[in-house]
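Subject: Structure handover

Hi there,

I am passing a structure on to you, and I hope you enjoy looking through it. Please open it first, and then read my notes alongside.

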Amino acid sequence: QVQLVESGGGSVQTGGSLRLSCAASGNTYSGYCMGWFRQAPGREREGVALITTGSDNTYTADSLKGRFTISQDNAMNTMYLQMNNLKPEDTAVYYCAAYSDRCYLYSLFNHRLFQFWGRGTQVTVSS
C-alpha cells in the first residue's frame, strides 16, 4: 500500500504561482508512476503531469506545458507540481496519484490505471 498526502493548495489571483507537494509513504519503490490529476466541478478528471520515480521520465499535458512543471525529491519521497501564471480555468481539486509501473504517455489520459490516490487539495484562481 502507498499513502499519498497533498499539500500546498490555496487561493491566488490570476498570474500567481503555487507549488503543490505530494508526500508518499508505505511501499514506495523506484519505478512507480506518480502524477497529478485535477477535477473541476462538473468536469471529468484530467491528467496534469506524470513522473516515473527515480527517473527523468515525465509527461505534461500539452495545454499546460510552459506553465506547470513536475519534479520529485527521491530522498524525501515527495513529488511537486510548480504552477506558474495561473488562470481561473486552473481552478480545481488537484489529486496526487500513483501506480506500480513506470509512466507512459497514455497514463496521462487514463486515471483508472492509478491504484493509489490522495484526498486532493483545492486550488482556486480568481480573476
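Below is what I found in it, going from the sheet to the core and then to single residues.

Please keep in mind that this is a predicted model.

**The sheet**

A good place to start is an open sheet of 4 strands, in the order E1-E3-E8-E7, with antiparallel pairing. At its edges are strand E1 (2-7) and strand E7 (68-73), each of which pairs on one side only. On average, neighbouring strands of this sheet are turned by 20 degrees against each other, direction ignored. As general background, strands of a sheet pair through backbone hydrogen bonds, either parallel or antiparallel.

Strand E8 (residues 78-83) is worth following. E8 pairs with E7 in the antiparallel sense over 6 bridges, and E3 and E8 also pair in the antiparallel sense over 6 bridges. To find the register, look for Met 79 in E8: Cys 22 stands opposite Met 79, and Gln 72 stands opposite Met 79 as well. Elsewhere in E8, Gln 82 has Thr 69 opposite.

Is E8 enclosed or open to the outside? Of its 6 residues, 5 are buried, so E8 is largely enclosed by the rest of the structure.

E7 and E8 also form a hairpin, with 4 residues between them. In that turn, Asn 77 has a positive phi of about 50 degrees. For context, most residues other than glycine have a negative phi. Asn 85 is another residue with a positive phi, near 50 degrees. Asn 85 lies in the loop between E8 and E9 and is partly exposed, with a relative accessible area of 43%.

**The core**

The largest nonpolar core has 37 residues, and those with the most contacts inside it are Leu 4, Met 34, Trp 36, Leu 81, Met 83 and Tyr 94. The elements that give two or more residues to this core include E1, strand E3 (18-26), strand E4 (33-39), strand E5 (46-52) and strand E11 (121-126). Strand E9 (92-99) is on that list too, and E9 gives the most to this core, with 6 residues.

If you click on Leu 4, you will see contacts with several parts of the chain. Leaving out residues up to four places away in sequence, Leu 4 touches, among others, Cys 22, Met 34, Cys 96, Phe 116 and Trp 117.

**Aromatic rings and charges**

How many aromatic pairs are there? The count comes to 6 aromatic pairs. One of them is Phe 37 with Trp 117, a tilted pair at 5.3 Å centre to centre with 55 degrees between the planes. Phe 37 lies in strand E4 and Trp 117 in strand E10 (residues 116-117), so this pair ties together parts that are 80 residues apart in sequence. The two partners are placed as follows: Phe 37 is buried, with a relative accessible area of 1%, whereas Trp 117 is partly exposed, at 27%. Ring pairs also link Phe 37, Tyr 95, Tyr 99, Phe 114 and Trp 117 into a cluster.

Two arginines have their charged ends over rings. The charged end of Arg 19 sits over the ring of Tyr 80, 4.2 Å from its centre. For Arg 102, the ring is that of Tyr 104, with 4.8 Å to the centre.

**Two residues to look up**

Cys 33 is found in strand E4 and counts as buried, at 0% relative accessibility. Cys 33 and Ser 100 are 67 residues apart in sequence, yet 6.4 Å apart in space, C-alpha to C-alpha. Not counting residues up to four places away in sequence, the residues that Cys 33 touches include Leu 50, Ile 51, Tyr 99, Cys 103 and Phe 114.

Where is Arg 67? Arg 67 lies in the loop between strand E6 (58-60) and E7. With a relative accessible area of 11%, Arg 67 is buried, because buried means under 20%. With residues up to four places away in sequence left out, Arg 67 touches Gln 82, Met 83, Asn 84, Asn 85, Leu 86, Lys 87 and Asp 90. Among these is Asn 85, the loop residue with the positive phi mentioned above.

Happy exploring, and best wishes!

Note on methods:
Residues are numbered from 1 along each chain as its sequence is written. This is a predicted model: local features need pLDDT of at least 70, side-chain atom pairs count only at pLDDT 80 or more; totals for chains, interfaces and linings use all residues. Side-chain values use heavy atoms; hydrogens and water are left out. Two strands pair if DSSP finds at least two bridges between them. Axes are lines fitted to C-alpha atoms, for helices over the stretch in contact, and angles run from 0 to 180 degrees between N-to-C directions. A nonpolar core is a set of buried Ala, Val, Leu, Ile, Met, Phe, Trp, Tyr and Cys residues joined through side-chain atoms within 4.5 Å. Buried means under 20% relative accessible area, exposed over 50%, partly exposed in between (1.4 Å probe, protein chains only). Contact means heavy atoms within 4.5 Å. Rings of Phe, Tyr and Trp (its six-membered ring) pair if their centres lie within 6.5 Å; planes under 30 degrees apart count as stacked, over 60 as edge-to-face and the rest as tilted. A charge sits over a ring if NZ of Lys or CZ of Arg is within 6 Å of the ring centre and within 35 degrees of the ring normal.
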